[in-house]
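Trainee: I am new to this structure and would like to understand how its labels are earned. Could we look at it together?

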Amino acid sequence: MKIAVIPGDGIGGEVMDAALTVLDALDLNPELIMADAGDDCLERTGTPLPDETLEAVGEADATLFGAAGESAADVIVKLRREFGLFANLRPVRSLPGVPCLYPDLDFVIVRENTEDLYVGDEEYTSDGAVARRVITRAASERIVRFAFDYAVGDGRGGVTAVHKANVLKKTDGIFREVFYEVASSYPQVEANDYYVDATAMYLITQPHEFDVIVTTNMFGDILSDEAAALVGGLGVVPSANIGEKNAIFEPVHGSAPQIAGKNIANPTAMILSTALMLKHLKKPQEAQKIQEALEETLRNGLVTPDLGGDLGTDEMAREIARRIEG
């Protein structure tokens with residue numbers, strides 16, 4: 001098993017060290033390829049994403065990414081495009097000992113990762129600016145099928161499409177149409193759809209309604225952050241960017257430069273992203289060991305200050321590793 005490791009900026013290095021401490025406790029002995037990217041890399045080398053890093057990601061079975069600073073668009077966005085990482089996966093799960101709005105949530109948001117307004121096709125006009133929204137049948141079918149396959153593989157019973165086809169009749173109309181075409185091939189999975197504004201409300205008022213949500217790029221970006229707030233915030237939610245041949249796993253809490261170097265960063269999202277990576281690499285038992293050890297650690301309050309504890313980032317990681325080792 002070959003894993004590219006990109007610590008990145010700010011707290012990225014600290015939470016990555018924590019994740020590697022936990023990974024080492026599993027005795028998997030992966031081959032780690034250390035790679036560079038981000039603001040510091042730009043300052044040192046003149047580029048935020050060197051060719052050597054692209055090569056490392058291309059050669060690896062999966063990549064762990066820590067955090068990107070101001071150069072995020074030139075790093076993580078470029079990596080997604082370069083390697084065709086069309087699916088953004090964001091599990092939303094309540095954790096013991098973590099203050100949250102709902103203590104029993106467990107659903108997943110699947111976000112299309114390559115098109116929509118995020119193609120960045122904008123131009124100024126005499127009155128302001130115009131952005132082009134791109135929604136294709138091919139990309140819609142690919143992400144919807146991914147969502148249904150994920151639901152089946154993860155033992156989930158329903159997939160909800162989120163769109164705004166009542167207003168965006170052509171673009172989101174295509175997305176909704178393709179959704180039900182694909183859904184017909186999965187009779188064992190319940191399929192339904194909601195408008196995005198209704199979904200934003202239901203995530204607050206009745207989030208247990210959802211099992212797997214599949215949606216377009218911008219709606220997914222917004223809704224996934226909203227959903228994270230239900231279970232304690234971005235510091236406790238993992239994410240993955242998955243393509244046909246490559247996958248990158250990262251927390252989405254950012255580089256948090258204000259606390260970088262203080263050894264107080266919460267490593268939960270990075271560690272859960274590592275577990276998500278192992279699940280993707282067909283190591284479900286090892287992924288479950290991380291999940292259970294992390295939850296026991298959280299339950300016992302052996303956590304960083306943001307979660308009400310007094311441990312450092314490295315100390316929390318060692319507590320989790322100790323539980324894995326038995």
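Trainee: Why is arginine 133 called buried or exposed?

Mentor: This is a predicted model, in which local features need pLDDT of at least 70 and side-chain atom pairs count only at pLDDT 80 or more, while totals for chains, interfaces and linings use all residues. Residues are numbered from 1 along each chain as its sequence is written, and side-chain values use heavy atoms, with hydrogens and water left out. Buried means under 20% relative accessible area, exposed over 50%, and partly exposed in between, with a 1.4 Å probe and protein chains only; arginine 133 has 17%, so it counts as buried.

Trainee: What makes the approach of arginine 133 to threonine 171 a polar contact?

Mentor: A polar contact is a pair of N or O atoms within 3.5 Å, where within protein one must be able to donate a hydrogen and the other to accept it, and residues adjacent in sequence count only if both atoms are side-chain atoms. The side chains of arginine 133 and threonine 171 make such a contact at 2.7 Å, and the side chain of arginine 133 also has one of 2.9 Å with that of aspartate 172.

Trainee: How do you know whether asparagine 246 is buried or exposed?

Mentor: Its relative accessible area is 11%, under the 20% limit, and therefore asparagine 246 is buried. Its side chain reaches the backbone oxygen of valine 57 at 3.1 Å.

Trainee: And why is glutamate 52 called buried or exposed?

Mentor: The relative accessible area of glutamate 52 is 56%, which is over 50%, so glutamate 52 is exposed.
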